[in-house]
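User: Please take a close look at a single part of this model and set out how it is placed within the chain. I would like one connected account, with every technical term defined where it is used.

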Amino acid sequence: FFFSSRRRHTRLQGDWSSDVCSSDLNQPHGALVGAVMEANIDYHDEQTRLTGFLVTPAGAGPFPCILVGLTWLGINENIKQRAHRLTTLGYAAFVADVFAKPTDLAAGPHAMVDPFMKDRLLFRRRMRAGFDAMLAQPACDRQKVAAIGYCFGGCGVLELARTGADLRGVVSFHGELDRSEEHTSELQSPCNLVCRLLLEKK
């Protein structure tokens with residue numbers, strides 16, 4: 001399915017301090033915050049080290065999981081809170097890193113996003129690396145996976161769909177849509193077919 005929304009969400013509070021190294025991807029390490037488990041997950045896109053944010057509901061998994069595409073502001077408090085909100089609905093959520101560096105607020109959004117908007121293969125590869133890292137987590141049900149993204153991340157989850165990732169659904173919140181044949185011709189799965197039709201009708 002494909003869905004778009006701008007509904008506001010209530011802010012949630014939490015502690016964002018735990019770390020997990022890449023060699024511990026399959027280990028249940030992390031910090032228990034309230035009734036959920038959270039952890040930073042290190043992984044790689046080729047030689048580039050990335051750090052995503054994983055949060056899972058209380059109780060025994062695996063859980064249906066949602067990859068969250070971030071805005072140009074990176075993995076900040078707001079995007080973590082949105083991931084936490086998904087756990088209240090019973091989902092594990094993984095915020096995929098794309099930038100591999102802190103956000104340069106002074107430089108503005110174009111300095112952060114333009115390299116990926118101009119190189120969609122790089123963008124797809126970064127999104128797919130996050131997708132694969134999420135699926136490596138024991139808490140995630142590999143058969144029940146979706147992706148959502150906000151603005152730049154909304155475009156990112158569409159690029160993830162274009163890789164042929166096995167997704168049950170993709171939700172782009174005011175993400176940029178492309179309609180070029182180069183992009184739409186690569187959509188394969190039933191989920192991606194819906195995305196392709198929307199892109200072609202834009």
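Analyst: Helices are DSSP runs of H or I with at least four residues, strands are DSSP runs of E with at least two, and both are numbered from the N terminus. The part chosen here is helix 4, which spans residues 152-162. The model is a predicted one, in which local features need pLDDT of at least 70 and side-chain atom pairs count only at pLDDT 80 or more, whereas totals for chains, interfaces and linings use all residues. Residues are numbered from 1 along each chain as its sequence is written, and side-chain values use heavy atoms, with hydrogens and water left out.

The setting comes first. The protein has six helices and eight strands, and from the N terminus on its elements follow the order β-β-β-β-β-α-β-α-α-β-α-β-α-α. The chain counts 202 residues, of which 50% are buried; buried means under 20% relative accessible area, exposed over 50%, and partly exposed in between, with a 1.4 Å probe and protein chains only. Contact means heavy atoms within 4.5 Å. Among the contacts with a separation of 6 or more, 62% are made by residues 24 or more positions apart.

Confidence is expressed as pLDDT, the predictor's confidence in each residue, from 0 to 100. The mean over the protein is 76, and 70% of the residues reach 70 or more. Strand 6 (residues 92-96) has the highest confidence, at 96, and strand 1 (residues 2-3) the lowest, at a mean of 38. The pLDDT is below 50 over residues 1-29, a stretch with 64 contacts in the model beyond near neighbours in sequence. Residues 196-202 also stay under 50, and the model has 13 contacts for them beyond four places in sequence.

Helix 4 itself is largely enclosed by the rest of the structure, because 11 of its 11 residues are buried. Its buried residues include the glycines G153, G154 and G156, and also F152, C155, V157, L158, L160 and A161. The charged residues E159 and R162 belong to the buried set as well.

Both flanks of the helix carry a positive phi. On the N-terminal side, C151 lies in the loop between strand 7 (140-150) and helix 4. C151 has a positive phi of about 60 degrees although it is not a glycine, and with a relative accessible area of 38% it is partly exposed. Just after helix 4, G164 adopts a positive phi of about 85 degrees.

What ties helix 4 to other parts of the chain? E159 of helix 4 pairs with R120 of helix 3, so parts 39 residues apart in sequence are joined. This pair is a salt bridge with an N to O distance of 2.6 Å; the term denotes a side-chain nitrogen of Lys or Arg within 4 Å of a carboxyl oxygen of Asp or Glu. E159 has a relative accessible area of 0% and is buried, and R120 is likewise buried, at 10%. E159 also forms a salt bridge with R124, where the closest N and O atoms are 2.8 Å apart. This second pair again links helix 4 with helix 3, across 35 residues. Both E159 and R124 are buried. Elsewhere, D45, E46, R125 and R126 are joined into one network by salt bridges that share partners. The whole structure holds eight salt bridges.

Helix 3 (residues 120-135) in turn meets helix 2 (residues 109-118): their axes come within 4 Å and cross at roughly 105 degrees. Axes are lines fitted to C-alpha atoms, for helices over the stretch in contact, and angles run from 0 to 180 degrees between N-to-C directions. The two helices are therefore roughly perpendicular to each other; angles of 65 to 115 degrees count as such, those under 35 as roughly parallel, those over 145 as roughly antiparallel and the rest as oblique. Helix 2 contributes P115, F116, M117 and K118 to the contact, and helix 3 contributes R120, L122, F123 and R126. R120 thus takes part in this contact and in the salt bridge with E159.
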